[in-house]
Amino acid sequence: TRSLSITSAEQSTIEKAQGDKVTLPCTFVLSEEDEGPLDIEWVLIPADNQKKEQIIIMYAVDRIYNHYYAAMTGRMQFTNPDPRSGDGSLDILNLKSADTGTYQCKVKKAPGVQSQKIQLTVLVKPARTKCSIEGSQEIGKDVILKCASQEGSPLLSYDWRRVSGRQELPATSMLNKNTGELLLKNASQDYSGTYNCVASNRVGTDECSVELNVTPPINTAGIIAGAIIGTLLGLSVLAFLVFCCCKKHREKKYEKEVHHDIREDVPPPKSRSSTARSYIGSNRSSLGSMSPSNMEGYTKTPYSQVPSEDFERPPGQNTTFAPSKVAAPNLSRMGAVPVMIPAQSKDGSIV
């Protein structure tokens with residue numbers, strides 16, 4: 001006896017890229033013996049066997065029901081608006097990585113029942129691929145060109161090619177397709193140019209470019225010498241400024257100390273008695289230093305009238321001195337202090 005049968009080719013796995021559209025096939029043929037109502041269901045079988053199947057969309061009693069699975073609302077539909085024609089295939093639009101799973105199509109028309117499972121894998125295309133250079137771009141150095149995609153389902157594969165000058169990669173290059181690193185050993189100026197990296201997986205590709213410019217080594221000795229000289233000059237200027245500040249501070253401190261010492265060393269005022277004694281002593285000293293020739297021009301004043309310690313007597317009792325008959329020479333011009341000295345007579349007596 002004939003019965004209901006599914007005629008679409010069995011596909012155990014379908015891989016699609018995120019954002020694409022997929023059609024899960026489910027075509028069937030009815031038999032004359034199948035007289036019951038036609039029911040078509042699409043369900044999502046969870047990875048955990050303990051969980052129940054989730055109905056996605058259903059056709060029953062000549063109506064379509066598509067409100068069971070909120071995660072796909074507005075993104076799924078029957079490929080044929082009238083599944084009674086024998087086409088119960090399902091279209092899923094704008095695929096997401098969360099749509100990955102096992103889907104099952106069930107066709108019922110009593111007494112016939114048939115089903116078919118399809119594994120859907122939603123992959124993410126490589127995206128936001130970036131290229132970079134690691135290492136010194138100098139002649140004789142090793143340079144590494146790096147390539148990495150920020151998005152993309154594994155397994156990602158990377159491939160480098162040269163798009164300027166010589167198309168082939170340098171003979172010393174070593175490529176790692178899994179990590180995206182291209183090692184250029186003992187680089188020369190011939191290695192300079194534009195390099196392109198292509199990242200790919202089973203559902204798409206993405207690429208980026210980088211410019212390599214190999215140059216002669218930099219004169220590091222001159223740079224180091226310049227840095228040392230600049231540092232020394234800076235230290236010299238700093239030391240000079242510190243020296244000036246210290247010197248100015250010492251001068252201010254010395255001025256304050258000298259000013260303080262002068263005020264402390266000022267002697268107290270002398271008494272009248274001490275002044276008289278110092279006056280007589282200075283006169284006697286000057287008398288001893290004078291020669292007889294210098295003594296003739298002075299007034300012949302009695303020796304007894306020379307100022308003495310009688311200055312200590314009370315006022316009114318001091319001895320009165322007779323004025324000199326001969327004016328004393330202006331000794332201030334000669335640098336001497338005028339004093340009163342005794343005179344000598346012709347017979348040798350002192351008057």
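Where in the structure is the place of T179? Before I answer, please keep in mind that what we are looking at is a predicted model. T179 sits in a loop, namely the one between β15, which covers residues 173–176, and β16, which covers residues 181–184.

As for its surroundings, T179 has a relative accessibility of 43%, and because buried would require under 20% and exposed over 50%, T179 counts as partly exposed. If we leave aside the neighbours within four places in sequence, T179 is in contact with C147 and Y158. The first of these partners, C147, is 32 residues away from T179 in sequence, while the C-alpha to C-alpha separation in space is 7.7 Å.

The two strands that flank this loop also belong to a sheet, so to speak of the loop is to speak of β15 and β16, and these strands appear in an open sheet of 4 strands whose order is β12-β13-β16-β15, with antiparallel pairing. At the edges of that sheet we find β12, residues 127–134, and β15, each of which pairs on one side only. From one strand to the next, the twist averages 10 degrees. Looking at one pair in detail, β12 and β13, the latter spanning residues 143–151, run antiparallel and are joined by 7 bridges; one of the residues involved is A127, whose bridge partner in β13 is E151.

Let me now turn to another residue, S115, which lies in strand β11, residues 112–123. With a relative accessibility of 41%, S115 counts as partly exposed. Not counting residues up to four places away in sequence, S115 touches I6, Q104, C105 and K106, and with Q104 there is a side-chain polar contact of 3.5 Å. S115 and W42 are 73 residues apart in sequence, with their C-alpha atoms 9.6 Å apart in space.

W42 leads us to the nonpolar cores. In the largest of them, which has 27 residues, those that touch the most other members are L24, W42, I56, I92, Y103 and L120. Several elements give two or more residues to this core, including β3 (22–24), β6 (54–60), β10 (101–109) and β11, but the largest share, 4 residues, comes from β5. There is also a second, separate core, of 18 residues, and among its members are C131, L156, L184 and V214. As general background, nonpolar side chains in soluble globular proteins tend to be buried together.

Methods:
Residues are numbered from 1 along each chain as its sequence is written. This is a predicted model: local features need pLDDT of at least 70, side-chain atom pairs count only at pLDDT 80 or more; totals for chains, interfaces and linings use all residues. Side-chain values use heavy atoms; hydrogens and water are left out. Buried means under 20% relative accessible area, exposed over 50%, partly exposed in between (1.4 Å probe, protein chains only). Contact means heavy atoms within 4.5 Å. Two strands pair if DSSP finds at least two bridges between them. Axes are lines fitted to C-alpha atoms, for helices over the stretch in contact, and angles run from 0 to 180 degrees between N-to-C directions. A polar contact is a pair of N or O atoms within 3.5 Å; within protein, one must be able to donate a hydrogen and the other to accept it, and residues adjacent in sequence count only if both atoms are side-chain atoms. A nonpolar core is a set of buried Ala, Val, Leu, Ile, Met, Phe, Trp, Tyr and Cys residues joined through side-chain atoms within 4.5 Å.
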